[in-house]
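Student: Please take a close look at one helix with me. Keep the sentences short, and show me how it fits into the rest.

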Amino acid sequence: MSKQLNASILVIIMIGVGLQLTFAKSVILNIIITWIGLGYLIYCRVSFKMLATMLLVAFPLSLGTWWSFVAFGVADVWHNAWIYSTRLYAYLCLGAAVTLTVNVKQLLLSLSQHLHLSATFAYGLLAAFNLSPRVRRQVKTIRYAAQLRGVTYHLWQPQLYFKSVLAALQWSGDLAEAMTSHGFSEGFSRSTTYHDDLPKWQWGLAILCILTFGIVAFIIKPW
Amino acid sequence: MQTVSESKHTWSLRDVIFLAIIAIFFGVIYQLWSFAYYAIAATPLKPYANDLTIGVWLMAGPLAGVLLKRIGATVIAEILAAAVEMMLFSSWGAANLIAGFVQGIGNELGFAMTGYKNWSKLGLLLSSIMATIVTFGWDWFQSGYSAYHFGMIVTLFIIRFISIGFFAGILVYWISQLVAKTNLLKH
């Protein structure tokens, strides 16, 4: 899979195009971005089942958006309805082009090597992300433990969040200590044993994508 | 050489991990909320669903702010929570990350207005007000709020302020009070 784009480049394109997308009022551009995103995902061999689920899950939101403009919009109702409902899909595919093609580790290591993310952040975040399954379990445990005592923690009460904070405090202390005792030094340069390839043409591609989008969206202004 | 940073100005490993774990907890809790959101969001009432629940999506930032009492904690926690949510597979995709940044900036501005000195009621009140204004301004463009009629825009703004004020203000204050009682935070 060496022909994939580097994670840092994907993030730059996602943010660069994503920010402009908010101000671009064009249905055609939204559809083009959606198709390019989907095309890239298919190229990276993301399963069709995954893509179909992704598109289906977003459908109610897109429909709700479309409908709300038809129901409550004041001017240019149909155009607005289509702009904002297709924009949702453009954002979805832009995000998926990053989250479904690179994993957290690739992403963080790439950001630290090419975009100066500090080692404390890169490895700290990575360590925390590895706890994700445990976090899920902890949320369940907290709720079940309360239910055993006949108490239900509602999401508008502070208890569930409070107990999560306590777990986070304890785990972060333990994890930081464990990393330090395994030789992680804060604020010092590290020797890197991995190689994250970022050919120059990919930087060019990112700039080209962002500029082209800006010119088309704000000068040509398609429907 | 082994070093553990103790300075208040640089981020220590422990703080980074703490922030990230908080963000992951919120990412998981957001998923519980999203069921309620979905039920209304598939109807024309979607903008109301957005504004009613928006406070929930803003909690991670101010909570991290009042717990760590540090410049930037609010923005970073909010971005991380948004990133986690994006990674856990949400139906907003890239909009998540950008919204997280915008929300974090809104909340952070409130604390900045107190000169980063008040992390209690006043700080949270200002943070809620600024977050309401900034996120509403953002949705003006991103979700096309400018195209709704005037009465609806005013209603949405008020609902949004109540939601942010309760979840990212009052609820965060309650949580921080509970944490303060445990004496586990030595800041």
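Tutor: What follows starts with one helix and then works outwards.

Some ground rules come first. Residues are numbered from 1 along each chain as its sequence is written, while chains are lettered from A and ligands numbered from 1 in the order in which they are written. The model is predicted, so local features need pLDDT of at least 70 and side-chain atom pairs count only at pLDDT 80 or more, whereas totals for chains, interfaces and linings use all residues.

Our part is helix α2 of chain B, residues 46-58. Helices (H or I, at least four residues) and strands (E, at least two) are DSSP runs, numbered from the N terminus. The expected span of a helix is 1.5 Å times one less than its number of residues. For the 13 residues of α2(B) that rule gives 18 Å, and the end C-alpha atoms are 18 Å apart, so the two agree.

Now look at its course. α2(B) bends by about 40° at Leu52(B). The bend at a residue is the angle between axes fitted to the seven residues ending there and the seven starting there.

Next, is the helix enclosed or open? Of its 13 residues, 11 are buried, so α2(B) is largely enclosed by the rest of the structure. A residue is buried if 20 or more other C-beta atoms lie within 10 Å of its own, exposed if 12 or fewer, and partly exposed in between; C-beta atoms are placed from the backbone. Among the buried residues are Lys46(B), Asn50(B), Asp51(B), Ile54(B) and Trp57(B).

What surrounds them? The buried residues of α2(B) pack against α3 of chain A, and also against α1, α3 (60-68), α5 (94-113), α6 (121-142) and α7 (150-182) of chain B. Two residues are in contact if their C-beta atoms, placed from the backbone, lie within 7 Å.

Take one of those neighbours, α1 of chain B. This helix covers residues 13-41, which is 29 residues. The expected span is 42 Å, and its end C-alpha atoms are 39 Å apart, which agrees. α1(B) has a bend too, of about 35° at Trp33(B).

A database record overlays this region. UniProt, in an unreviewed entry, places "transmembrane region" at residues 16-40, 52-68, 80-102, 122-141 and 153-175 of chain B. UniProt positions are given in the numbering used here, feature names are shortened, and annotations may be inferred rather than shown by experiment. Residues 16-40 of chain B are 100% helix and 0% strand, with end C-alpha atoms 36 Å apart. Residues 52-68 of chain B are 94% helix and 0% strand, and there the ends lie 28 Å apart.

Step back to chain B as a whole. Chain B has seven helices and zero strands. Of its 187 residues, 56% count as buried. The radius of gyration, taken over C-alpha atoms, is compared with a globule rule: 2.2 Å times the number of residues to the power 0.38. For 187 residues a compact globule would come near 16 Å; chain B has 17 Å, which agrees. The C-alpha atoms of chain B fill a box of roughly 60 × 35 × 30 Å along the principal axes.

One buried residue elsewhere in chain B is worth a stop. Thr74(B) is found in helix α4, residues 73-87. Thr74(B) is buried, with 31 other C-beta atoms within 10 Å. Leaving out residues up to four places away in sequence, Thr74(B) touches several residues, including Gly61(B), Pro62(B), Asn107(B) and Phe111(B). Thr74(B) and Ala60(B) are 14 residues apart in sequence, and their C-alpha atoms are 7.7 Å apart in space.

Now cross to the partner. Chain A has nine helices and zero strands. Its radius of gyration is 22 Å, well over the 17 Å that the globule rule gives for 223 residues, so chain A is more spread out than a compact globule. Of those 223 residues, 38% count as buried.

Finally, the chains meet. 63 residues of chain A are in contact with 53 residues of chain B. Several helices of chain A each supply at least two residues of that side, among them α3 (48-72) and α8 (159-181). The largest share, 13 residues, comes from α8(A). And α3 of chain A brings us back to the start: the buried residues of α2(B) pack against it.
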